[in-house]
Amino acid sequence: MSIKRVCINLGLVLCLAGLIAWCVLTGKAYDIVLENTPTTVAGAEQPALEAVHVIIDKQEPVLMLEGDRIISTAIGVKHKIRIDVLDEDDKVLESRSHTYTIHDLGTPPTLNIPAVFAASKAEK
Amino acid sequence: MNAIKNFIEEAGWPRILIAAFLVLLFVAAPFVNVRLDASLSDTLVRFGMNGVMVLAMVPMIQSGCGLNFGLPLGIIAGLLGAVTSVELGVQGFAGVCTAMGIALPIAIIFGWGYGLLLNKVKGDEMMIATYVGFSSVAIMCIMWLVLPYSSPNMVWGYAGQGLRTTISVEEFWQNAIGGIGSFNIGEFFYFPTGMFVFFFLCCGLMALFMRTRTGTAMTTVGSNPEYARASGVNIDHMRTLSVIISTVLGALGIIIYQQSFGFIQLYMGPFYMAFPAVAAILIGGASVKKASIVNVIVGTILFQGILTMTPSVINSMIQTDMSEVIRIIVSNGMILYALTRVTKVK
Amino acid sequence: METTPLLRVEGVGKAYYSNVVLKNITFSLEEGRILGVVGENGAGKSTLMNILFGMSVIEKTGGYTGSIFVNGEEVHFRRPKDALNAGIGMVHQEFSLIPGFTVTENILLNRESLNYTVAEEVFGSCLRTLNRPAMTTRAESAIKKLNVDLDGETLIAELPVGHKQFTEIAREIANSSTKILVLDEPTAVLTESEADILLASMRRLADAGIAIIFISHRLNEVLTICDDIVVLRDGEVVLNTPTAQTSVRGMAAAMVGRKVESIAPENNEDTRLIGETLLEVDHLWVDMPGETVRNVNLAIRQGEIFGIGGLAGQGKLGIANGIMGLAPAGGTVRFDGKPLALNQPSAPLAAGISAVSEDRRGVGLLLEESIAWNIIFSAMQNQGKFLKPLAGGLVRVRDEAAICACAQRYIADLEIKCVNELQIVQELSGGNQQKVCLAKAFETNPRLLFVAEPTRGIDVGAKKVVLDTLQRYNREFGMTIVMVSSELEELRSICDRIAITDRGRIAGILPASEPSENFGILMMGTAHEGAQTA
Amino acid sequence: MNKSDGISQFFIRNAVPLVFLVVSAVAIPISQFSPSYLIQELLIRLSRNAFLVLSLLIPIMAGMGLNFGMVLGAMAGQIGLIFVCDWNIVGVQGLLLAAIISTPLAILFGFLCGIVLNKAQGREMVTSYILGFFMNGVYQLVVLYGFGSLVPIVSAKLLLSRGYGIRNVTNLDGMRRSLDELIPLNIAGIEIPVATFLLIGIFCLFVLWFRKTKLGQDMRATGQDMVVARSAGIRVMRTRIISIVISTVLACYGQIVFLQNVGTMNTYNSHEQAGVFAIAALLVGGATVSRASILNVFTGIILFHLVFIVSPMAGKYLLGDAQIGEYFRVFISYGIIALALVLHAWRRMNDKERARAQFRGAEGGAA
């Protein structure tokens with residue numbers, strides 16, 4: 001068996017492995033629990049938000065009122081979450097984004113909206 | 001040692017495994033609270049119900065036409081007879097006889113045409129038979145809707161026309177043959193004497209036929225068509241005749257089946273009916289080229305025994321109904337074995 | 001100038017178990033020469049070629065003795081591939097071509113020109129693509145060497161027989177390593193003009209340096225084209241000479257001329273009554289594959305033993321099969337003055353003609369059934385024997401007792417060696433199977449019996465029983481017998497008259513007492529045109 | 001051959017597609033479907049089925065007839081899909097992964113099938129057919145009893161309530177039409193599954209290319225005359241097995257493509273349907289047991305499914321009963337296979353006769 005043949009075969013095997021990895025990493029769908037409940041971040045009390053639109057990646061916005069717990073799905077490992085705080089007329093008051101990987105969220109993956117909201121504020 | 005080896009070679013592993021499996025089931029039955037006498041009785045009833053259809057395989061195998069996967073054609077003839085008999089409202093033994101009387105000429109005509117077709121496609125009979133069977137079932141589905149039957153026992157209530165998928169023969173001729181001379185032993189054991197008499201009558205006639213000049217010629221055609229031709233036998237006639245006999249037996253077989261079962265199943269009912277019959281005769285020791293009446297009897301008992309015993313025994317053992325899967329694997333595995341084995345011998 | 005010959009065969013012998021078929025064969029073949037090999041059927045030609053080509057049948061039956069040299073080096077072929085590698089190409093009698101492929105594809109079958117593809121790095125060389133232009137060029141050059149008009153793009157199925165033959169030869173030439181070409185009766189299927197073209201191509205190939213071994217039954221062709229001639233008889237080289245030093249007659253005599261012990265037929269004229277014409281055959285043609293009968297006229301007399309001989313493929317077997325309705329036939333056959341329907345196997349049986357087929361296992365026997373069944377079947381089907389009434393004559397079933405009795409009678413009479421009459425025929429030896437075939441035919445009490453190749457593949461003892469039995473039935477019951485055989489001496493030993501077939505016609509009919517050479521000349525198809533008489 | 005003979009030959013050769021053309025020409029107006037609906041439906045069915053039907057081509061080339069054993073490939077594909085569903089991988093990635101995991105399975109099945117068929121030479125079709133049934137039993141055994149007990153299945157959504165065995169219907173929502181809609185294109189309200197067609201196109205090119213390879217040539221040789229091919233040194237048995245393996249693998253991909261379009265999977269029935277409909281469609285396209293081309297595939301799918309779509313409605317308007325149309329299409333799927341097999345066997349016998357007659361004629365001429 002020539003070196004060339006070995007190289008090509010090896011390359012193909014690597015490609016295949018890469019493909020599998022890519023499929024699993026970008027194609028796996030996770031159920032994420034979204035909570036809009038009061039929580040404590042670094043000692044600071046974060047109250048639940050009154051009404052927000054939660055947008056994960058490019059999915060449809062999910063409306064969450066105070067105290068809601070919703071199960072949503074996210075495909076892939078890395079996600080960008082956007083939180084739009086709404087006023088009484090459903091107008092966007094403030095919009096904040098946050099990036100996270102699925103492994104940051106623990107099992108089952110849980111995302112606390114006030115915490116994310118606070119964290120992204122801290123980033124700014 | 002040698003004798004055992006010979007026996008295994010002769011019978012073939014699958015057959016021995018199946019027989020052993022059945023024995024095991026019977027042995028295990030009392031331990032899982034399955035009544036032996038009831039199971040035995042069930043097996044016998046099913047044996048009587050299916051025996052004639054298995055017997056229908058014999059003439060075609062013997063004449064070299066292979067396994068009759070086209071059995072549904074005969075079954076359709078039987079169904080037509082049965083349905084017509086119910087339409088006429090004949091009851092009891094006379095009803096069954098009417099059904100058979102009507103089915104007979106239809107089966108002969110079907111078998112004749114089917115035989116002519118098979119003579120044109122020598123070597124490919126089995127595959128074509130399968131699909132001839134399937135398509136005839138499909139076309140009859142249309143016919144059941146269209147044919148002018150009107151008995152309120154059979155047509156759909158709301159539409160007033162088109163036959164129902166299952167028609168009860170309870171009021172007409174359920175057990176009209178099976179019930180003759182039947183008796184019970186104890187609470188659970190029922191013996192359908194009439195059905196057995198009928199089945200063994202058919203077997204006897206078949207055995208007798210096989211010993212006549214024509215029957216001998218038919219076997220010879222299957223064994224070596226060239227030899228038969230050189231001896232002045234008309235091969236095509238013999239093959240056609242065997243197909244007709246097979247079709248007729250299929251028709252009678254389904255009527256026997258129905259009178260015991262209590263229902264006529266129309267539409268897609270006969271679709272896969274050839275497969276259990278084919279599997280049974282193969283389990284009984286027949287090959288694609290040779291079959292005897294002993295094969296029929298042994299095969300039907302083994303196959304039907306497994307069909308009755310697996311649901312009850314296995315279910316009690318593991319609380320799951322695996323019988324369907326076992327049926328599929330056993331029957332098709334057996335056919336597969338026969339198909340791959342015959343070429344190896346050649 | 002003395003050179004090493006391209007091929008040298010030295011002292012080659014071969015025995016199938018105890019049966020010696022080749023003894024001490026020695027000859028050599030030089031570059032650019034054509035060697036003609038002639039001999040009767042069974043003289044050992046095909047065995048010799050099998051050895052040369054490394055067919056597995058030789059190795060399986062214990063190999064051969066002696067040695068073969070190619071280019072001075074000793075070789076021992078175990079597989080056809082070895083022979084191919086050594087440069088020996090063989091064109092068999094049966095075409096080995098794929099009908100739906102073009103001429104080019106067939107010429108280069110499994111030796112195609114290929115292009116590199118990336119896929120082969122993963123899945124191996126079988127995924128290279130075909131290089132059509134290169135293939136066309138190679139095929140064309142091979143065809144050109146033959147100098148025949150053959151289009152590389154035509155499908156084989158659309159070619160006439162002759163061109164198929166050329167394709168076969170081109171295939172061997174296309175293999176550039178081919179130095180020796182073996183042609184096994186290449187002209188047998190050709191028309192005369194095609195044969196001429198082939199012979200011319202052979203000459204061209206020889207001139208181009210290829211050595212050719214040419215096997216043929218047409219002595220004239222051998223004389224015209226070959227440089228040297230080897231004649232085989234009974235597994236021995238009886239003549240090995242340059243062509244110039246022999247003639248058709250010389251070859252024919254060498255081929256058939258035994259130690260002419262002239263088996264004079266016993267003086268039977270006084271004990272036997274040869275009667276009037278019983279079977280009359282007029283312009284019979286029979287379409288039997290490999291044994292085509294084109295135009296045969298015969299008259300067979302009541303009570304005689306009539307022999308039909310001739311080389312394989314010349315139609316002698318076709319005659320019997322045609323009359324028995326087993327192969328499509330035409331012409332007129334009259335039996336006992338009444339016309340006999342052809343193409344209808346039951347007609348001759350009903351008229352009282354039976355046959356013992358040359359294809360014992362294929363047509364003659366029910367291998368998986370008992371001896372008894374085999375013997376009685378014909379008589380039962382056609383004459384309603386061995387049936388007994390049951391249920392007051394309503395049905396008639398096999399009379400097993402009578403069947404067994406009958407079988408036992410024949411087992412004793414013909415010395416069939418078996419356990420009992422219920423033994424499966426498959427388990428019997430060839431000779432005993434043949435006796436069962438005879439018994440089957442005798443049981444129908446035929447007035448005329450065709451016996452085809454009755455002694456083929458059976459041992460000496462059985463051979464004698466078979467021939468003696470035939471003679472006995474002829475003497476005792478006056479049964480007219482037509483015996484078809486490739487073995488001339490066997491025919492001469494029991495027949496009264498012998499017809500020789502050639503190319504589907506009767507080349508001539510001679511009394512059995514004629515010297516062998518005369519039969520040989522008839523067989524070789526070299527007799528003058530007027531020989532075709534009835 | 002004269003001209004009228006040529007025309008009649010054309011009609012005889014193309015009898016089946018022509019009959020279907022006539023049937024659909026009559027039935028379309030009766031069914032009262034709008035052209036855009038029909039086109040949309042046909043496109044969907046073309047994209048769904050083309051792959052499955054194409055997978056039949058290679059065994060035909062190798063002379064093994066219609067590969068009824070392609071259901072084995074479909075089973076492998078379904079097993080892949082079950083796993084992917086369980087791991088909750090969605091979209092095209094899910095399909096790709098399903099294809100990757102089911103490939104070795106399909107190769108194994110194809111290899112087994114090839115070995116069995118080599119043992120049943122001359123009756124490959126009926127054997128592969130029964131093999132399909134047999135493997136269906138094995139499949140059920142594994143999926144119905146093994147999955148969730150022996151084979152770990154995480155997702156409770158897939159399992160039967162008893163805790164093991166896959167449910168009768170597996171939902172493929174995550175992958176539903178993900179390939180079809182990968183490259184969206186909408187012309188005049190008709191959605192065109194571009195990506196699927198691209199894939200089909202690539203595969204057609206593969207088949208064309210494959211015919212030109214040495215292996216393809218060996219397969220054709222084997223298909224036409226096994227004895228000659230063997231004597232020429234071609235490894236016949238191996239070639240036959242490879243052809244079945246390729247077919248099985250492609251059928252596996254075909255089933256995945258098919259199911260992503262449908263969006264739900266009948267765990268225990270989907271594969272059974274695959275074989276019959278693919279074979280019927282190919283035969284309707286004018287293919288025979290021994291010869292099939294890519295053109296046959298596409299004409300076949302279009303004609304077969306046209307009749308399939310319109311027959312229930314046509315039956316309803318014509319006879320007042322949609323059920324008749326339903327049964328009619330069951331009949332044509334089986335009937336067409338029966339007819340094609342009969343025609344094939346018949347033609348083979350006739351050809352043999354004719355070849356002999358020709359031979360006889362030549363003899364006569366020479367005499």
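This passage describes the chain contacts of a predicted model and then looks at chain A and at three sites in chain C.

Because the model is predicted, local features need pLDDT of at least 70 and side-chain atom pairs count only at pLDDT 80 or more, whereas totals for chains, interfaces and linings use all residues. Residues are numbered from 1 along each chain as its sequence is written, chains are lettered from A and ligands numbered from 1 in the order in which they are written, and side-chain values use heavy atoms, with hydrogens and water left out.

We may begin with the chain pairs. Of the 5 pairs of chains that touch, B and D share the most contacts, a contact being heavy atoms within 4.5 Å. Chain D brings 40 residues to this interface and chain B brings 42. The size of an interface is often given as the accessible area lost when the parts come together. Between chain D and chain B the buried area is about 3700 Å², with 77% of it from carbon and sulfur atoms; buried area here is the accessible area (1.4 Å probe) that two parts lose on being put together, summed over both. On the chain D side, R123(D), Y327(D) and Y334(D) lose the most area to chain B, and together they account for 18% of what that side buries. The rule finds 0 salt bridges across this interface, where a salt bridge is a side-chain nitrogen of Lys or Arg within 4 Å of a carboxyl oxygen of Asp or Glu. It also finds 0 residue pairs in polar contact with both partners at pLDDT 80 or more. A polar contact is a pair of N or O atoms within 3.5 Å; within protein, one must be able to donate a hydrogen and the other to accept it, and residues adjacent in sequence count only if both atoms are side-chain atoms.

Three helices of chain D, namely helix 6 (91-119), helix 7 (124-146) and helix 14 (322-366), each supply at least two residues of the side that touches chain B. Helices (H or I, at least four residues) and strands (E, at least two) are DSSP runs, numbered from the N terminus. Helix 14 of chain D gives the largest share of that side, 17 residues. By residue class, the side of chain D that touches chain B divides into 28 nonpolar, 7 polar and 5 charged residues; Ala, Val, Leu, Ile, Met, Phe, Trp, Tyr, Cys and Pro count as nonpolar, Asp, Glu, Lys and Arg as charged, and the others, Gly among them, as polar.

Next comes the interface of chain D with chain C. Here 22 residues of chain D are in contact with 27 residues of chain C, and about 2200 Å² is buried, 58% of it on carbon and sulfur atoms. The count of salt bridges between these chains is 2; K214(D) and E112(C) meet in a salt bridge through their side chains, at 3.1 Å from N to O. The rule also finds 11 residue pairs in polar contact, both residues at pLDDT 80 or more. Helix 8 (194-212), helix 9 (214-224), helix 10 (226-231) and helix 14 of chain D each supply at least two residues of the side that touches chain C. Helix 9 of chain D gives the most, with 7 residues. This side of chain D comprises 9 nonpolar, 5 polar and 8 charged residues.

Chain A makes no contact with chain B, and their closest C-alpha atoms lie 33 Å apart. Chain A itself has 2 helices and 9 strands, with a helix at each end of the pattern α-β-β-β-β-β-β-β-β-β-α. Its C-alpha atoms fill a box of roughly 70 × 30 × 25 Å along the principal axes.

Three sites in chain C round off the picture. S113(C) sits in the loop between helix 4 (103-107) and strand 7 (114-115) of chain C and is buried, with a relative accessible area of 12%; buried means under 20% relative accessible area, exposed over 50%, partly exposed in between (1.4 Å probe, protein chains only). The side chain of S113(C) makes a polar contact with that of R138(C) at 2.8 Å. L278(C), in strand 13 (residues 277-286) of chain C, is buried at 1%. The C-alpha atoms of L278(C) and I300(C) are separated by 5.8 Å, although the two residues are 22 apart along the chain. In helix 10 (residues 248-256) of chain C, the buried residues are V248(C), M251(C), A252(C), A254(C), M255(C) and V256(C). At the start of this helix, a side-chain oxygen of S247(C) reaches to within 3.1 Å of the backbone nitrogen of G250(C).
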